[in-house]
Amino acid sequence: MKGKKYILSKAFSGQANDDNFQLVEFDLPDELKEGEVLCQAVYLSVDPYMRLFPNTEGSPVIGEQLAEVIKTRNGEFPLATLVLTKAGWQSHFISNGEGLNPIRFDLGATPISYTLGALGMPGATAYFGLKKCDPKPNEIICVSAAAGAVGSLVGQLAKIQGLTVIGFVGSEDKLNWCKELGFDHVFNYKSSNFGEALSQVAPNGVDIYFDNVGGDYYHTIINKHMRKGGRVLVCGSIQTYQDKDTRKYDATNVSVLMNELSIYGFMCYSYYEQWPIAFTEMNKLIQEGRLKVKEQVYTGFENMKEAFLGLFKGDNVGKAVVKTVNSFTHYP
Ligand SMILES: NC(=O)C1=CN([C@@H]2O[C@H](COP(=O)(O)OP(=O)(O)OC[C@H]3O[C@@H](n4cnc5c(N)ncnc54)[C@H](OP(=O)(O)O)[C@@H]3O)[C@@H](O)[C@H]2O)C=CC1
Ligand SMILES: CCCCCC(=O)/C=C/[C@H]1[C@H](O)CC(=O)[C@@H]1CCCCCCC(=O)O
């Protein structure tokens, strides 16, 4: 039996493209050793951080996936167990069980793919990132990449908590969706000036800026649009991930994030133990129809590249995931 995986055939420099990736086949052994399991990817996540790490020619592409145990010699992982794991962009892999995480909350009837999105890493980012901003009813929050995996949840959770939400997005479709989600003001930054738009709807500034984009937004909003006592969460900096040379000042944003400096640098894995609490709460909201989730589902392992590159072109509405064709069992 053969598995497939992607390696970085060329280190990223500037805009990522097809040439950065190579799809290679590898042999899987016929027999497992005692304690081993063979897993097959069911859904794989593509996320912006993959543009940054590890970026060494020849290295495997990293990432999280939801995989099914399809062969086992490990009593802890019976056949058909679903596990979340950072196995990277591979269709199959052998594991001794280390790093295989079962779903840690009751998913109920919610689609399993949400464990990579709203009820996975991006969901935890929205939930704990917002919490870190200490939001209070009637405050104003501004969120960039507002129709994305993280941003769409931040806006909705903030609305549920009684805040006024301003979102920035890159298309009219995304704008309309965010309005459907109940955001108070949404602007397409490609057809309007985000600074002017903010001045119009929040002339006295905003209390919270949940920054998913960095770059111009970060500097302009901090310098011109924050209220006294305001909080800025440096969650991401996607506008700068593809820069060939690190911009003189935007390196600051990345340093704030990675070192969790207190303008608040934020890393969702710092809250890992508490994720199940958040997911139980958010899943209830999903099942009650109060938290809406969209996914951009790409089908087939060969579409990993397209799904990933789409993040930087704004192709995705909501969370981008790749569903692999699974010949053993069929998940919704
Ligand atoms: N700190 C942490 O622990 C975590 C941080 N993050 C960060 O959060 C951010 C959002 O991630 P995620 O929700 O997964 O991704 P999204 O689902 O939001 O997808 C990325 C979106 O970013 C927008 N975008 C892409 N390029 C640019 C650009 N040059 N300028 C402005 N917007 C751009 C596009 O939306 P549009 O069409 O609206 O422009 C695109 O759809 C990222 O920066 C990511 O690195 C994510 C997870 C954890
Ligand atoms: C300067 C980088 C900013 C990236 C922001 C972001 O998207 C962070 C995402 C993290 C999320 O918590 C899940 C992760 O694993 C992301 C961080 C990855 C850190 C380095 C991984 C290095 C490696 O495994 O080789």
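Asparagine 55 is partly exposed, with a relative accessible area of 25%; the term covers values between buried (under 20% relative accessible area) and exposed (over 50%), computed with a 1.4 Å probe and protein chains only. The model is predicted, so local features need pLDDT of at least 70 and side-chain atom pairs count only at pLDDT 80 or more, while totals for chains, interfaces and linings use all residues. Residues are numbered from 1 along each chain as its sequence is written, chains are lettered from A and ligands numbered from 1 in the order in which they are written, and side-chain values use heavy atoms, with hydrogens and water left out.

## Backbone features in the loops

Asparagine 55 belongs to the loop between strands S3 and S4. Strands here are DSSP runs of E with at least two residues, helices are runs of H or I with at least four, and both are numbered from the N terminus. The phi angle of asparagine 55 is near 55°, a positive value in a residue other than glycine. Proline 54 is also found in the loop between S3 (37-45) and S4, and the peptide bond that leads to proline 54 from phenylalanine 53 is cis, with omega near -10°. Most residues other than glycine have a negative phi, and most peptide bonds are trans.

A positive phi, of about 80°, is also found at alanine 80, which is not a glycine. Alanine 80 is placed in the loop between S4 and S5 and counts as partly exposed at 40% relative accessibility.

## Asparagine 74 and valine 321

Asparagine 74 lies in the loop between S4 (65-72) and S5. Asparagine 74 is buried, with a relative accessible area of 13%. A polar atom of its side chain lies 3.0 Å from the backbone oxygen of glycine 35, and the side chain of asparagine 74 also reaches the backbone nitrogen of glutamate 76 at 2.9 Å. Such a polar contact is a pair of N or O atoms within 3.5 Å; within protein, one must be able to donate a hydrogen and the other to accept it, and residues adjacent in sequence count only if both atoms are side-chain atoms.

Valine 321 is part of strand S14 (residues 319-323) and is buried, with a relative accessible area of 0%. Its C-alpha atom is separated by 8.9 Å from that of aspartate 47, although the two residues are 274 residues apart along the chain.

## Aromatic pairs

A search of the whole structure finds 20 aromatic pairs. Rings of Phe, Tyr and Trp (its six-membered ring) pair if their centres lie within 6.5 Å; planes under 30 degrees apart count as stacked, over 60 as edge-to-face and the rest as tilted. One of these pairs, tyrosine 6 with tryptophan 89, is edge-to-face, at 5.4 Å centre to centre and 85° between the planes. Tyrosine 6 lies in strand S1 (residues 2-8) and tryptophan 89 in the loop between S5 (82-85) and S6 (92-95), so the pair ties together parts that are 83 residues apart in sequence. Both tyrosine 6 and tryptophan 89 are buried.

Phenylalanine 194 and tyrosine 217 have ring centres 4.3 Å apart and planes at 15°, so this pair is stacked. The pair links distant parts of the chain, with phenylalanine 194 in helix H4 (residues 194-201) and tyrosine 217 in helix H5 (residues 215-224), 23 residues apart. Phenylalanine 194 and tyrosine 217 are both buried. Ring pairs also link Tyr6, Phe12, Phe21, Trp89, Phe301, Phe308 and Phe312 into a cluster.

## The surroundings of ligand 1

Of the 27 residues around ligand 1, Lys174, Tyr189, Asn212, Tyr241 and Asn316 come nearest; a residue is near if one of its heavy atoms lies within 4 Å. The table gives polar contacts made by oxygen atoms of the ligand.

| Residue | Partner atom in the residue | Distance to an oxygen atom of ligand 1 |
|---|---|---|
| Tyrosine 189 | N or O atom in the side chain | 2.5 Å |
| Asparagine 316 | N or O atom in the side chain | 2.6 Å |
| Serine 237 | polar backbone atom | 3.3 Å |

The protein covers 92% of the 910 Å² of accessible area that ligand 1 has on its own, an area obtained by the Shrake-Rupley method with a 1.4 Å probe. Helix H1 (121-132) and helix H6 (238-241) are the elements that give two or more residues to the shell, and the largest share, three residues, comes from H6.

The shell divides into 16 nonpolar, 10 polar and one charged residue. Here Ala, Val, Leu, Ile, Met, Phe, Trp, Tyr, Cys and Pro count as nonpolar, Asp, Glu, Lys and Arg as charged, and the others, Gly among them, as polar. At least three residues of the shell come from each of domain 1 (2-116 + 293-323) and domain 2 (121-269), with bounds taken from an automatic or database domain assignment.
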